[in-house]
Every structure is written in C-alpha cells, then in structure tokens.
Amino acid sequence: MKHMNKLRYIPGDLVYQKDDEGHWNIRSLSALNLALINYKDIKPIPLTSEILEKNGWRKTKIYYKLDLNNHQEVWAYENHDYTYDILVGFKKDDILSTIKEGLKYVSELQNILFGLDLNHGMEV
C-alpha cells in the first residue's frame with residue numbers, strides 16, 4: 001500500500017477554494033468548512049518570500065526572521081527548491097532548533113505557529 005503525504009487543515013488555515021463558477025478564491029477555513037468541504041475544491045497556497053515579508057518576517061543574510069516576543073524568534077530558511085525550513089530559538093541563545101523542513105504551503109506554516117501557541121494572523 002502506498003502512503004500519500006496528504007495535507008491536513010485546521011480552522012483558520014488559508015487556502016484557495018473553488019467557487020460555484022470555477023474561480024479560485026482565498027478563503028480562511030472554518031470548522032464548518034472542514035466538515036463539509038470537498039477536498040477537490042481546495043488547494044494550498046504556496047509559501048513565498050513575499051508572503052513572509054507581508055506578514056512581518058524580516059530578511060536577514062540567509063534567513064527570514066519573525067520576532068514574536070521578548071524571548072522567542074522563529075526563522076525561515078529558503079531552500080533552493082523553494083521550500084522552507086522553520087527553526088525556533090530564544091533571543092539570548094545562539095541555538096536554533098529545526099521544527100520542520102521542506103514547508104511548501106502557507107497552511108503548513110500556520111499549523112506550526114499554531115502548534116507553538118503563537119497567534120500570528122497570516123495575510124496573503
């Protein structure tokens with residue numbers, strides 16, 4: 001049996017959703033959407049450097065950095081294949097821990113930030 005790496009969505013995730021006329025629109029999923037949605041009518045939004053910057057991530061020499069509070073930072077490293085590795089660390093330490101490698105989509109980043117208990121609203 002072949003295992004498929006299926007994306008999982010949670011309420012609040014931003015996705016493209018097809019409307020009745022066949023147009024793709026950006027939507028924030030709700031619990032009701034998730035219960036009723038036809039997954040053929042949604043697709044993930046690719047994560048880009050423009051989206052990171054629009055949401056307060058600052059470009060450093062090799063990373064995008066998001067200052068969260070007085071103690072914690074989240075970093076995104078852009079790979080050559082246009083995926084991102086997400087790292088988290090504390091400002092007073094020089095140690096970063098990799099949380100997830102190979103992110104491709106906005107919803108994946110939203111889920112990581114949610115898992116870190118960070119309420120960071122995303123805009124696309």
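Helices here are DSSP runs of H or I with at least four residues, strands are DSSP runs of E with at least two, and both are numbered from the N terminus. On that basis the chain has three helices and eight strands.

**Figure 1. Overview of the predicted model.** The chain has 124 residues, of which buried residues make up 35%. From the N terminus on, the order of elements is β-β-α-β-α-β-β-β-β-β-α. Taken along the principal axes, the C-alpha atoms fill a box of roughly 50 × 35 × 25 Å. About 8,500 Å² of the chain is exposed, and carbon and sulfur atoms supply 50% of that area. Among contacts in the chain with a separation of 6 or more, 36% are between residues 24 or more positions apart.

**Figure 2. The hairpin of S1 and S2.** Strand S1 covers residues 14-18 and strand S2 covers residues 24-28; the two run antiparallel and are joined by five bridges. Two of the pairings can be followed residue by residue: Val15 has Arg27 as its bridge partner in S2, and Tyr16 has Ile26. In a regular strand the side chains alternate between the two faces of the sheet. Five residues lie between the strands of this hairpin, and Gly22 takes a positive phi near 90 degrees.

**Figure 3. Pairing of S1 with S3.** Strand S3, residues 42-44, is antiparallel to S1, and three bridges join them. Tyr16 stands opposite Lys43 in S3. Tyr16 also has a bridge partner in S2, namely Ile26.

**Figure 4. The open sheet of five strands.** The strand order is S4-S5-S6-S7-S8, and the pairing is antiparallel. Strand S4 (58-59) and strand S8 (96-103) each have a single partner strand, so they stand at the edges and one side of each is left without a neighbour in the sheet. Within the sheet, S6 (residues 72-78) pairs with S7 (residues 84-90) in the antiparallel sense over seven bridges. One pairing to locate in this view is Ala76, whose bridge partner in S7 is Ile86.

**Figure 5. The salt bridge between Lys65 and Glu73.** The side chains of Lys65 and Glu73 meet at 3.0 Å, N to O. With a cut-off of 4 Å between a side-chain nitrogen of Lys or Arg and a carboxyl oxygen of Asp or Glu, the count comes to one salt bridge. Both residues of the pair, Lys65 and Glu73, are buried.

**Figure 6. Helix H3 across the sheet strands S7 and S8.** Helix H3 comprises residues 106-115 and lies across S7 and S8. The helix runs at about 155 degrees to S8. S8 is an edge strand of the sheet, with a single partner strand.

**Figure 7. Surroundings of Gln110 in helix H3.** The relative accessible area of Gln110 is 12%, and because buried means under 20%, Gln110 counts as buried. Leaving aside residues up to four places away in sequence, Gln110 touches Gly12, Asp13, Leu14 and Met122. Of these contacts, Leu14 belongs to strand S1, which covers residues 14-18. Gly121 is eleven residues from Gln110 along the chain, and the C-alpha atoms of Gln110 and Gly121 are separated by 8.3 Å.

Terms used
Residues are numbered from 1 along each chain as its sequence is written. This is a predicted model: local features need pLDDT of at least 70, side-chain atom pairs count only at pLDDT 80 or more; totals for chains, interfaces and linings use all residues. Side-chain values use heavy atoms; hydrogens and water are left out. Two strands pair if DSSP finds at least two bridges between them. Contact means heavy atoms within 4.5 Å. Axes are lines fitted to C-alpha atoms, for helices over the stretch in contact, and angles run from 0 to 180 degrees between N-to-C directions. Buried means under 20% relative accessible area, exposed over 50%, partly exposed in between (1.4 Å probe, protein chains only). Accessible areas come from the Shrake-Rupley method with a 1.4 Å probe; for residues, only the protein chains shown count as cover.
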